[in-house]
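Colleague: Before I read anything into this structure, I would like to hear how its labels are justified. Could you take me through the reasoning behind them?

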Amino acid sequence: MFLSMNWISDFVDLSGLDKLALIQQFSLSTAEVENDIFFKGSDISGIVVAEIKSVENHPDSKKLHLLKVDAGDGVLTDVVCGAPNVRVGMKTAFAKVGAQIGDITIAPRKLAGYTSNGMCCGESEIGISDDNSGIMEITDDIPTGTDLKAVYEIDDIVFEVDNKSLTNRPDLWGHYGIAREFAALAGRPLKPLDTEDLSAYDALKKVDLKIEDPLCYRYSCLQVENITRTVSPVNMRIRLYYCGMRAINFLADLTNYLMLEMGQPMHAFDSRKVEKIRIKRFDKPFEFQTLDGVKRHVDENTLMICNDNTPVAIAGIMGGLDSEIVEDTTTLTLESATFDAASIRKSTVRLAHRTDASMRYEKSLDPEMTDVAIARFLNLLKKYDNAVQVVSALTDEYAFRYDTVELNFDKSFVDRYTGIEIDNATIIKTLESLGFAVKEENGVFDVVVPSWRATKDVTMKADIIEEITRIYGYDNFAVHTTRSPLYPVRMDEVKRNEEKIKDILVKRYSLHELHSYVWAYNDELKNLGMEVEDNIKLLNATNPNIETIRNSMIPTQLCQVKTNVGYAPDFGIFEIGRVVTGMTENNLVVEKKKLAVTLYSKTQDVKTLYFALRDMLAVIADDVKHTPLTFAASEPQHAFEHPVNRNTILMNGVEIGMMGIVHPEIGRKIDKKAAIVFAEIDMQAFGEQENTSILYAEPSKFPPMDYDLSVVIPKGVLFADMQACWADEGAGILRGVRIVDSYDTDLFHSETMRFEFSSSERTLSSAEVQEIMNRIIENLKAIQVVLR
Amino acid sequence: MDKISELRAEFEQKLTQIADLVDLDRLRVDYLGKKGSITALLKNMKALSNEEKKTFGAEVNKLKGYAAKRVDEKIEELRKAEVEREIAAMPQFDITAPANTARGSYHPITLVQRQCEAIFKSMGFTVEDYPEIVTDYECFEAVNIPKHHPARDMQDTYYLTNGQLLKSHTSAAQNAILKKYGSRLQNGVPIKAIFPGRCFRNEATDANHENTFFQMEGMMVDKDISISNLIFFMKTMLSEVFQRDVKVRLRPGFFPFVEPGFELDINCLICGGEGCPSCKHSGWLELCPCGMIHPNVLREGGIDPETYTGFAFGLGLTRLAMMKYKVKDIRDFNSGSLKALSQFTDDE
């Protein structure tokens, strides 16, 4: 919203103050002011009122005229002018030699053989409207030679306030409310609005009016006749233009002017079309043509202004074409009303039509304003057109009144909230300057909130704090830390694990952390031959490609691998992100935080890569939990998993994740020559496992003894099966078993295992070790593992 | 006696021909071993008189000592020669060849998030984790955004078919955190928590807009938490984040979950407040919304607003990462591109 300092100054005397500093203060205390501030008229000088004394056609040009102009300096000036609307006796804006218009300095200039000693100006050239149809026509009675700036408010400072920052301030949608803020900031009084006393017309007949729907809070109207003026006063037009509106005609301009001044939207109907004003909704949707000529689909939720049963306007949004003021309109009905804000907002959304009026109504306007607005409207109407006659009494239905908001608080409340000392006198002065009625006794305040702040904005004590502090100025706050006691802070286990895992994967394994989206991308998955698995969907995804929430992060990572093929011959990626794995009984999603890791390699075979991934996970488990992982073969659960070598990952016997190899169908589409393996760990399940600390084993002072065993292992026998053969045979001295060598022939698989024995109490004898080994060898034989 | 000098000459001659330790050891065994030539000399002493035995034995022992000393000298000589050869064999490396610095990387959000978390942890804040999919209650109702509140229009929220939604702001965690720690307030333990998280807005993406982004929210609740405290914490945090003394300013801002609410600006990092294109010539950058927690939000979290006050703030982690690393296109963060993202190896 654009704001004019001249307009604001109508209501508060800001003379002698630094206007820019005030605007800056307004930005810090009230609402955000955009950076660009416009110094209107600053590039205009030397333009005077002049009268055209004679007009001759240029002999060689159809467009140009040769004028003699009286610019008030006692001589007639020769001017060549191309405007079509020149005529003798017309007063216009004249830029004398030496005048400044933008970057141009006016100098005598030859035009088609004749010298022009100055220039007659159009309004767009002076920057006071966008009318470039001809030179400005001045109808006001002003002596020639008068500097235009002396009679018209061309000089102005215009600034723009971000509408978003006014969302909660219905009182700031007009200059008067803004002026109240400036008055409070400057410490100067706010002048009352000039209004007309409407009670003078109480004896006249009332308008037939009835509110039939609670969505209309108040409806005030007045009928007037005999408006003769068609063009608005220049200053009014300038203000409208500076504030971003085009002048249309006097009546339309005046309703707009009033809206920009008071924030109260108004509408003028042809009285013939609103003989019985009814405000209501209809049972069925219908089509309605608004005054901009557009036919709109209006549904049964939309509040309408009607003439009995005929809709004439969409309440709070726009008038209808049929009830508009036309040529032969004699009597007008002025509407000034308040409607339910949420209803207007929703109608606006449904109609996809937001207007200056609806924008204001959405903010919960003060219903107390409707009759004042009419009184102000009439004041201005009469000021500029004294033939106007009021032909009805003020007709006012006030269906819904907001409660008066009274708040009580004490000084200690203010002290506690602010953390600084603001004295009672300052509190009172600040609140009063904003229109609050304040009573204070012994540090206890009773405050009545003004109606324009009481529609939703100020409802409780904390709101009062804002009023006091924002005018006090946050820059003036002394800042200090809190006096709260200190207690140790414990890190959330899942969060702690997360950070450790990231460090291990990045620092030890040189993996890259990537982020992705929480939904499955249909297109990308299709390119890799994957279907999006059914899962909960977004209701309002604008892009159908992203409507399904993912149930696994692996497809996402496979897409990421595809993106990065060519980045390096080997790389690994990981992410700790979310998936949805199902629904609860209460129809809530089961959201899981997962660690997903995918490794890609062109240089390693799939087995090596798969074991590298397995080892990585084992290190994570050992580092973070000091607990070993176990792995069990399991059935694939997704189409992207290779049917062979799919494993469940367990810790303490609890399933915490899975690992696998990409299905060749998909692998080929990513990279025919690369191995791709992946794992996914449930961070919650992982986090819930007991966090054992390191069990320190003192190094033995006695020599260890190794025993190597080379065995031939039949197909299908796993290391885990062999492990069972020595699990109970170690007699407390078998410390570990490592594979030191392994090889395969077509016929068998062979491994050399090193059994490591040591005791912390004595030197071991070969005999006791041999005895243990004999038992182990016997056990191995039982599962067909034999010595080579 | 002649045999002794013969043997000595023979030993000397052989010793000079020795070139490595293996041969030397063989020589040592040949002469000095139990069955060695020198030891063998003693076996021939039976024929000698006791007097002769004495003299002969002494000579043999002398030879023995001599040979052992010579072997030791030879060992040292060979060892030195070996080291010399090793030195000679060492090539001059080209240390100017490019270093291989390939290693893993963190997501830039992780780096920025860790820095922020560290600052708050050092000031006694807990770090809270929260789901990404939340209920309407958590995201709106509980934080003073009832149905039909205009603030709901400001958030283009992704709804799920079951009525839940992708959280549009980290404030969705406020209620749960207040409830989690609220009971400790009466024991004098303040609520001090930060909660970073991923948020979602249903909007079209471009270089400056993402539908998926990270925020970090923080709050503190205790008996006398004031606006003055809020400004202090904001200034302290931002000075730590940017590693310099930042100037901050507060403007009134409207957010339903705070009252009073503020927009916090910091003086532009690029121009230092002089005005430049980055700050649209204002000298200030709008950085984080903050305010005093709305009494309704406290009440909904089971905390009596008459007794306790608190502040809350939000910080756009994604935005902060863009500023910190001068990332021009916000979409880079979720691009999955290693060309872009592998650069963030470490930042501490």
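**From labels to values**

Modeller: Thr581(A) counts as partly exposed, because it has 14 C-beta neighbours inside 10 Å. Please keep in mind throughout that this is a predicted model.

Colleague: What makes 14 C-beta neighbours a case of "partly exposed" for Thr581(A)?

Modeller: A residue is called buried at 20 or more such neighbours and exposed at 12 or fewer; the 14 of Thr581(A) fall in between, and therefore the label is partly exposed. Thr581(A) belongs to strand β28 of chain A, and, leaving aside residues up to four places away in sequence, it touches Asn551(A), Val590(A) and Lys592(A). Its C-alpha atom is separated by 7.9 Å from that of Asn535(A), although the two residues are 46 apart along the chain.

Colleague: How do you know that β28 of chain A and β29 of chain A are paired strands?

Modeller: Pairing requires at least two bridges, and β28 (residues 570-583) and β29 (residues 589-601) of chain A are joined in the antiparallel sense over 13 bridges, so the requirement is met. In one of these positions Asp570(A) stands opposite Ser601(A) in β29(A). Helix α16 (residues 554-564) of chain A packs on the sheet, where it touches β28, β29 and β33 of chain A, and its direction makes about 30 degrees with that of β29(A).

Colleague: Which sheet of chain A holds these strands, and in what order do they come?

Modeller: It is an open sheet of 7 strands with mixed pairing, in the order β27-β28-β29-β33-β32-β31-β30 of chain A.

Colleague: Why are β27 and β30 of chain A said to stand at the edges?

Modeller: Each of them, β27 (512-513) and β30 (629-633) of chain A, has a single partner strand, so one side of each is left without a neighbour in the sheet.

Colleague: Why is strand β25 of chain A described as lying largely in the open?

Modeller: Of the 5 residues of β25 (437-441) of chain A, the number that reach the buried class is 0, and so the strand lies largely in the open. It is nevertheless paired, since 5 bridges join β25(A) to strand β26 (residues 444-448) of chain A in an antiparallel arrangement, with Val444(A) as the bridge partner of Glu441(A). The two strands form a hairpin with 2 residues between them, and Asn442(A) in the turn has a positive phi of about 50 degrees.

Colleague: What makes strand β7 of chain B largely enclosed?

Modeller: 9 of the 10 residues of β7 (258-267) of chain B are buried, so the strand is largely enclosed by the rest of the structure. β7(B) pairs with strand β6 (residues 248-252) of chain B in the antiparallel sense over 5 bridges, Arg249(B) standing opposite Asp265(B), and these two strands form a hairpin with 5 residues between them. β7(B) is also joined by 8 bridges to strand β8 (residues 284-293) of chain B, again antiparallel, where Ile293(B) is the bridge partner of Val258(B).

Colleague: Which residues of helix α11 of chain B are buried, and what do they pack against?

Modeller: In α11 (residues 317-325) of chain B, the buried residues are Leu317(B), Thr318(B), Arg319(B), Leu320(B), Ala321(B) and Met322(B). They pack against α5, β4, β5, α9 and β9 of chain B. The helix is followed by Lys326(B), whose phi is positive, near 55 degrees.

Colleague: What is known about the contact between chain A and chain B, and how confident is the predictor in the complex?

Modeller: The contact takes 74 residues from chain A and 64 residues from chain B, and on the side of chain A the residues divide into 34 nonpolar, 24 polar and 16 charged. The predictor gives the complex an ipTM of 0.85 and a pTM of 0.84.

Colleague: Where in chain B is confidence lowest, and where is it highest?

Modeller: The lowest mean in chain B, 65, belongs to helix α7 (residues 151-154), and the highest, 97, to strand β2 (residues 133-134). For chain B as a whole the mean pLDDT is 90, and 98% of its residues reach 70 or more. Where pLDDT is low, the predicted coordinates should not be read in detail.

Conventions:
Residues are numbered from 1 along each chain as its sequence is written. Chains are lettered from A and ligands numbered from 1 in the order in which they are written. This is a predicted model: local features need pLDDT of at least 70, side-chain atom pairs count only at pLDDT 80 or more; totals for chains, interfaces and linings use all residues. Two residues are in contact if their C-beta atoms, placed from the backbone, lie within 7 Å. Ala, Val, Leu, Ile, Met, Phe, Trp, Tyr, Cys and Pro count as nonpolar, Asp, Glu, Lys and Arg as charged, and the others, Gly among them, as polar. pLDDT is the predictor's confidence in each residue, from 0 to 100. Helices (H or I, at least four residues) and strands (E, at least two) are DSSP runs, numbered from the N terminus. Axes are lines fitted to C-alpha atoms, for helices over the stretch in contact, and angles run from 0 to 180 degrees between N-to-C directions.
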